[in-house]
Amino acid sequence: MILVTGGAGFIGSNFVLDWLAQHDESIVNLDKLTYAGNLENLRSLEGEARHIFVHGDIGDSTLVSRLLAEHQPRAVLNFAAESHVDRSILGPGAFIETNVVGTLNLLEAVRAHWSALPADGQAAFRFLHVSTDEVYGTLGPGDPAFAETHRYEPNSPYSASKAASDHLVRAWHHTYGLPVLTTNCSNNYGPFHFPEKLIPLIIVNALAGQPLPVYGDGQQIRDWLYVKDHCSAIRRVLEAGTVGDTYNVGGWNEKANIDIVRGVCALLDELRPRADGKPYAAQITFVKDRPGHDRRYAIDARKLEKELGWKPAETFETGIRKTVEWYLTNPEWVEHVQSGAYREWLGQQYGHR
Ligand code: NAD
């Protein structure tokens with residue numbers, strides 16, 4: 001049994017689905033179901049006894065302690081977070097509440113549980129914290145990619161809150177001996193991505209005939225990884241990572257935002273041409289840049305590749321094609337997310353909102 005937090009979000013739900021497809025081991029999935037949590041992502045698991053969903057907050061130590069005592073998981077994987085940079089600029093409080101205070105409360109509940117385990121249980125236990133490359137700040141054009149030794153220089157309320165949580169996790173290992181692992185991953189894309197983030201936003205807006213907003217000059221560079229490859233990296237780190245270490249996860253796919261947008265438009269032109277025959281790129285609209293917008297992120301994933309033998313299965317070209325095809329074949333998911341209908345469905349299914 002493992003305990004996953006945030007398993008109804010974008011990466012967490014992909015992780016839960018992949019895990020249950022590949023392992024016999026059960027999952028307890030603790031999620032607060034914020035606007036970003038969507039049980040429709042897990043609809044294919046209805047009736048699956050190995051998936052136990054619990055609606056709740058990582059900051060609720062009483063609840064977390066009860067789950068740990070009841071299910072005795074061998075590992076806790078923390079995906080739960082407020083994750084959208086733009087929202088963190090408008091309202092940083094929720095980011096501190098969940099990403100910092102929530103992680104603190106989670107760590108404390110896990111520490112109390114872990115301390116009471118017999119020695120062999122303590123040695124086998126893992127707390128894996130899922131984090132981001134944004135904690136490292138921004139790179140100049142010729143700078144080497146972020147290695148695990150790069151110093152933390154977070155620039156947004158989101159990345160500052162994630163950096164704080166990484167430091168707490170590190171300290172709980174050094175101070176209390178909790179067997180932790182941390183992964184810092186680049187930008188993910190793939191199925192079940194909430195359409196407030198760049199790639200799904202572009203797909204959804206393009207199909208709806210809406211403008212395709214691009215910040216500033218569109219030359220901000222990000223490193224992109226297909227979400228299923230992030231999930232395989234997390235599984236590998238959980239299995240074989242050195243306790244106390246951090247692992248950078250990335251796909252060696254540095255792309256400028258404008259090139260991502262043009263690439264998605266070109267795929268849509270091929271797979272679902274506009275009725276008027278014009279290219280989707282005609283809908284691109286440059287908008288005022290985000291304040292404090294980091295210019296470039298790039299991940300050096302060599303430690304994970306060399307020490308643990310992990311490799312991504314997808315190239316950017318294969319992954320982005322799968323992603324666009326997924327959105328084209330799942331219009332119902334997109335429609336429900338946009339209309340908020342999934343929240344009603346959730347109330348019907350689980351008796352809460
Ligand atoms: P997401 O916003 O899609 O999902 C977050 C999930 O956490 C949601 O299901 C939400 O309901 C849940 N949640 C939020 N607050 C909670 C709380 N207090 N208690 C319990 N559950 C709570 O995020 P995501 O993109 O899936 O990211 C997952 C993790 O991966 C985050 O920690 C994020 O920082 C990290 N990460 C994301 C990316 C990316 O590109 N999306 C890249 C690297 C790292």
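Helices and strands named in these legends are DSSP runs, numbered from the N terminus. The structure shown is a predicted model.

**Figure 1. The loop at glutamine 72 in the predicted model.** Glutamine 72 is placed in the loop that links helix H2 (61-71) to strand S4 (75-78). Its phi is near 45°, a positive value in a residue other than glycine. Glutamine 72 is classed as partly exposed because 13 other C-beta atoms lie within 10 Å, a count between the limits of 12 or fewer for exposed and 20 or more for buried.

**Figure 2. The loop at phenylalanine 192, between S7 and helix H7 (198-207).** Phenylalanine 192 is not a glycine, yet has a positive phi of about 65°. With 22 other C-beta atoms within 10 Å, phenylalanine 192 is buried. The preceding strand, S7 (187-189), supplies at least two residues of the shell around the ligand.

**Figure 3. Residues around the ligand.** The ligand has 32 residues around it, of which Gly6, Gly9, Ala36, Gly37 and Ala81 come nearest. By class, 13 residues of this shell are nonpolar, 14 are polar and five are charged. At least two shell residues come from each of helix H1 (10-22), strand S2 (27-31), helix H4 (93-115), strand S5 (126-132) and strand S7 (187-189). An unreviewed UniProt entry lists residues 3-323 as "domain: NAD(P)-binding". Over residues 3-323, helix accounts for 41% of the chain and strand for 17%, and the end C-alpha atoms are 27 Å apart.

**Figure 4. The open sheet of three strands, in the order S7-S9-S11.** The pairing in this sheet is mixed. S7 and strand S11 (254-256) are the edge strands, each pairing on one side only. From one strand to the next, the twist averages 50°. Strand S9 (residues 221-226) and S11 run antiparallel and are joined by three bridges. Within S11, lysine 255 is the bridge partner of arginine 222. Helix H9 (residues 257-271) lies across S9 and S11, and runs at about 85° to S11.

**Figure 5. The pairing of strand S6 (residues 180-185) with S10.** Strands of a sheet pair through backbone hydrogen bonds, either parallel or antiparallel. S6 and S10 run parallel, with four bridges joining them. Asparagine 184 stands opposite asparagine 248 of S10. In a regular strand the side chains alternate between the two faces of the sheet. From strand S10 (residues 246-249), Thr246 and Asn248 point one way, while Tyr247 and Val249 point the other way. All of these S10 residues are buried.

**Figure 6. Alanine 298 and its contacts.** Alanine 298 is found in the loop between strand S12 (284-287) and helix H10 (302-308). Leaving aside residues up to four places away in sequence, alanine 298 touches Leu139, Ala145, Phe146, Asp223 and Glu254. Alanine 298 counts as partly exposed because it has 19 C-beta neighbours inside 10 Å, whereas the class of buried residues begins at 20. Alanine 298 and leucine 45 are 253 residues apart along the chain, and their C-alpha atoms are separated by 35 Å.

Terms used. Residues numbered from 1 in each chain as written. Predicted model: local features only at pLDDT ≥ 70, side-chain atom pairs only at ≥ 80, totals over all residues. Near = placed C-beta within 6 Å. Nonpolar A, V, L, I, M, F, W, Y, C, P; charged D, E, K, R; others polar. Pairing = 2+ DSSP bridges. Axes fitted to C-alpha atoms, helices over the stretch in contact; angles between N-to-C directions. Contact = placed C-beta atoms within 7 Å. UniProt positions renumbered as here; feature names shortened; annotations may be inferred.
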